[in-house]
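Okay, thanks everyone, let's get going. I'll put the structure up and walk you through it one sheet at a time.

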Amino acid sequence: MTGSTEVTGSAGIPGLAETTNEESARAGNVRGAAEATRGRAMSDAAWPYSPGALGDAADGRPAFLTVIDKWPIILCRHRRPMGETPSIGGVSVRELVVLGTSSAVPTRHRNHNGYLLRWDGEGFLFDPGEGTQRQMLHAGVSAHDITWICVTHFHGDHCLGVPGVVQRIARDKVNHEVRAAYPASGETYWRRLRNASAFTDTDVITPRPVSGEVVRWPSGPVTLTARPLSHPVQSYGYRVDEPGGRRMLPEELARRGVRGPMIGELQRRGSVTTPDGSTVTLAECSAPRPGQSAAFVMDTRLCDGAFALADGVDLLVIESTFLSGESALAAQYGHLTAAQAGQIAAACGVRRLVLTHFSERYTAADEPRFVDEVRKSYAGDVVTARDLMRVPVPKRAA
Ligand SMILES: [Zn+2]
Ligand SMILES: [Zn+2]
């Protein structure tokens, strides 16, 4: 699996030298913690873990140990005070929090689907399946973190968690707007889920039914786009795009004598006059910086929409329900194989690929087979998702 992405679930996984991991994590010895897990076969027997047994990071907060490209990252749970841009160490958070990874039915180790994409101050909750509210608790996700609920389609594994999430948003008195996108053809299902039982309702949740070939909504610092997929019931995938900007070039600034407050003025006004009277433009001292992007492609066959959503994204979260040995089933039920997910990622130049929505027939021991299938066409980062994992959006390409 050279070049692939290894990710461990938590520092407290029984059978994975949890004491060593926890001690290492507490001591901030990140490498030591990684060494403790690296090279150990993650058998299914070793996998059952209690989310409550998570280790602690150096600051005492619960943490996950994540190993990406052999570089471990400890990610702390955090709660965002209202109105504050979430950050870890002062860096804006752009990460996927995996709440559930199973297709169709939950298993002992995989909850129904559920994914929160944190993107600066936005929180896109994709496909809250049954049990999502409790998974949020385990993952340190608050109802206040959610600014969008995006449902790809109305099969139960993608929406049975809507009632719990909606009622939690109401109970916790979330006071910002939470927009809800879902296929307009499933309006009846949305209304049932939205009003599934007796509770004190909230008016912050506003529906955004989706129809047509492409729908875009500006949302804070990004744009959310929906495009149709191909599945036995109408299904839409989603994509988040940051607009392009400009990257300042320190050597050009220095060469032209632009320093201190002049830099801010140059960025605001597009030009600045230096003390020697010359005019310096923003174009002379900066270079274009492409925006970052992420896509969420759930239940679908290979189709144009999947490729359009994945085109050039930094992070692609995609279903890979089956291995190629079950490609007839995949075709019959409108799903992707891991090989097809790899083809999409390769054709679209994806930087990090997250496979999920696994059939219950597979165990943790099968995960390398998913990666092997992807590797036939795709050479980038691959993550086989597990519940409660956090996957960072890759750092900006240079
Ligand atoms: Zn599904
Ligand atoms: Zn489905």
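Let's start with one strand pair. Strand S5, residues 94-100, and strand S6, residues 114-119, run antiparallel and are joined by 6 bridges. If you want a place to put your finger, take Glu 95: the bridge partner of Glu 95 in S6 is Arg 118.

Before I go on, a word on confidence. This is a predicted model. The mean pLDDT of the protein chain is 82, with 76% of the residues at 70 or more. The stretch to be wary of is residues 1-90, where pLDDT stays under 50. For that stretch the model has 152 contacts beyond four places in sequence.

Right, back to S5 and S6. What lies across them? That's helix H3, residues 132-139, and H3 runs at about 130° to S5. Now look at which H3 residues are buried: Thr 132, Gln 133, Gln 135, Met 136 and Ala 139. Seen down the helix axis, those buried residues of H3 fall within an arc of 160°, so they line one face of the helix. And what covers them? The cover includes S5, S6 and also helix H4, which is 162-171. Just after H3 comes Gly 140, and the phi of Gly 140 is positive, near 75°.

Now zoom out to the sheet that S5 and S6 belong to. It's an open sheet of 7 strands with mixed pairing, and the order is S10-S9-S8-S7-S6-S5-S22. At the edges sit strand S10, 205-210, and strand S22, 390-392, each pairing on one side only. On average, neighbouring strands here are turned by 20° against each other, direction ignored.

Let's go over to the S10 side. Strand S9, residues 178-183, has 5 of its 6 residues buried, so S9 is largely enclosed by the rest of the structure. On one side, S9 pairs with strand S8, residues 148-150, in the parallel sense over 3 bridges. In that pair, Trp 148 has Arg 179 of S9 as its bridge partner. To get from S8 to S9 the chain goes through H4, and this β-α-β crossover is right-handed. Remember, H4 is one of the elements covering the buried residues of H3.

S9 also runs parallel to S10, with 6 bridges joining the two. Here Val 178 has Ile 205 in S10 as its bridge partner. And how does the chain cross from S9 to S10? Through helix H5, residues 187-194, in a β-α-β crossover that is right-handed.

Okay, on to the other sheet I want to show. Again we have 7 strands in an open sheet with mixed pairing, this time in the order S11-S12-S13-S18-S19-S20-S21. Its edge strands are S11, 215-219, and S21, 381-384, and each of those pairs on one side only. Neighbouring strands in this sheet are turned by 15° against each other on average, direction ignored.

Let's finish at the S21 edge. Strand S20, residues 352-356, pairs with S21 in the parallel sense over 4 bridges. The residue to click on is Leu 353, with Val 382 as its bridge partner in S21. Packed on the sheet there is helix H12, residues 367-375, which touches both S20 and S21. The direction of H12 makes about 150° with that of S21.

That's my tour, so over to you for questions.

Terms used:
Residues numbered from 1 in each chain as written. Chains lettered and ligands numbered in written order. Predicted model: local features only at pLDDT ≥ 70, side-chain atom pairs only at ≥ 80, totals over all residues. Pairing = 2+ DSSP bridges. Axes fitted to C-alpha atoms, helices over the stretch in contact; angles between N-to-C directions. Contact = placed C-beta atoms within 7 Å. Buried ≥ 20, exposed ≤ 12 C-beta atoms within 10 Å, placed from the backbone. Arc of directions from axis to C-beta. pLDDT = per-residue confidence, 0-100. Right-handed = clockwise from strand over helix to strand, strands pointing away.
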